[in-house]
Amino acid sequence: MAAIPSSPWILSPRDRPPCRARLFCFPHAGGGATAFREWQGLALAGVEVCGVQPPGRENRFHEPPLTAMPALVEQANAALRPWLDVPFAFFGHSLGALLAFETARRLRRERGPLPAWLFVAGCEAPARFRAADPPLHTLPRDRFLDELRRLKGTPEAVLRNAELLDALLPLLRADFAVLETYRYTAEPPLACPLTAFGGLEDEQVSPDSLAAWEAEATAGFDLHLLPGDHFFPRTSRDTLLEIVNGHLRFLVGTATEGTAP
């Protein structure tokens, strides 16, 4: 396999396994690729787990974050292209689910390789997506912090640390701007299976809005509700990955035989 140029967009294992397929993981708003670092140890043999790292976070902290979905999709698409030399799947959580979905559609418009499976978690179907009103990313600091506490995605220790908050708030506002300015455009469904995950205690995303993802893919759909709130991929990680692995077994087997799925 030819060497792939490194990219700040892709966080791959330091000791890269023999790669028959890749699972690209897109993080939630304010999150980063290191959320998926431990997934490699739970992935199927032959599957390389690659965290997608948009600018403005973790090792890209000193880069300005992007504030609109089209720019994120354009740059993610360009960065991923050299890594799509084997069968692959996309997983996205919350904002990451929309980014994974729109990146797949961008690849299709450009006649590029398409994911063999799309996994979305904690995100209502794009056709039903509605931004907060008023937009959270424009709220004054105190009200914005109240919303972060309500969403339960930012540790209280961070919310009480003024220095950490000053560093983190621009990224959070930027990511919420991406969500709150997102506009869905109807296109034909993707020609791949789609699996949606939700949290049983998630107050933000209803089962009905998750079920509506079925309209975005034509090769099969399933929905799984797991214990936990909006951040159930952390607390129900092992169960989630069991389901992902079960769906990807055909992909590794197909890749082993040297044919595309």
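What is the volume of the largest pocket? The volume is about 850 Å³. The model is predicted, with local features requiring pLDDT of at least 70 and side-chain atom pairs counted only at pLDDT 80 or more, whereas totals for chains, interfaces and linings use all residues. Residues are numbered from 1 along each chain as its sequence is written, and side-chain values use heavy atoms, with hydrogens and water left out.

**View 1. Lining of the largest pocket, which has a volume of about 850 Å³.** A pocket is an open set of points on a 1 Å grid over the protein atoms alone, with protein on both sides within 12 Å along at least five of seven lines; lining residues have an atom within 4 Å of a point. The lining comprises 37 residues, and Ala-29, Ser-94, Leu-151, Phe-176 and Leu-179 lie nearest the centre. Two or more lining residues come from each of α3 (141–151) and α5 (162–180). The most is given by α5, with 7 residues. By residue class, the lining divides into 19 nonpolar, 11 polar and 7 charged.

**View 2. The largest cavity, with about 60 Å³ of space.** A cavity is a set of grid points where a 1.4 Å probe fits but cannot get out, and the count comes to 2 cavities of 30 Å³ or more. Among the residues lining the largest cavity are Phe-26, Pro-27, His-28, Arg-57 and Asp-175. Helix α2 gives the most to this lining, with 3 residues. The lining consists of 6 nonpolar, 2 polar and 2 charged residues.

**View 3. The second largest cavity, with about 40 Å³ of space.** Its lining includes Leu-23, Trp-39, Val-47, Leu-241 and Leu-248. Both β3 (47–52) and α8 give two or more residues to this lining, and α8 gives the most, with 4 residues. The lining has 8 nonpolar residues, 1 polar and no charged.

**View 4. Surroundings of His-247 in helix α8 (residues 237–256).** The side chains of His-247 and Asp-222 are joined by a polar contact (a pair of N or O atoms within 3.5 Å, one able to donate a hydrogen and the other to accept it) of 2.8 Å. Beyond residues up to four places away in sequence, His-247 touches (heavy atoms within 4.5 Å) Trp-117, Phe-119, Thr-195, Asp-222 and His-224.

**View 5. Leu-114 in the loop between α2 (95–109) and β5 (117–121).** Leu-114 counts as partly exposed because its relative accessibility is 36%, between the limits for buried (under 20%) and exposed (over 50%), with a 1.4 Å probe and protein chains only. Not counting residues up to four places away in sequence, Leu-114 touches Phe-88, Ala-104, Leu-107 and Arg-108.

Conventions:
Grid points are joined across faces, edges and corners, and a volume is the space filled by probe spheres set on the points. Ala, Val, Leu, Ile, Met, Phe, Trp, Tyr, Cys and Pro count as nonpolar, Asp, Glu, Lys and Arg as charged, and the others, Gly among them, as polar.
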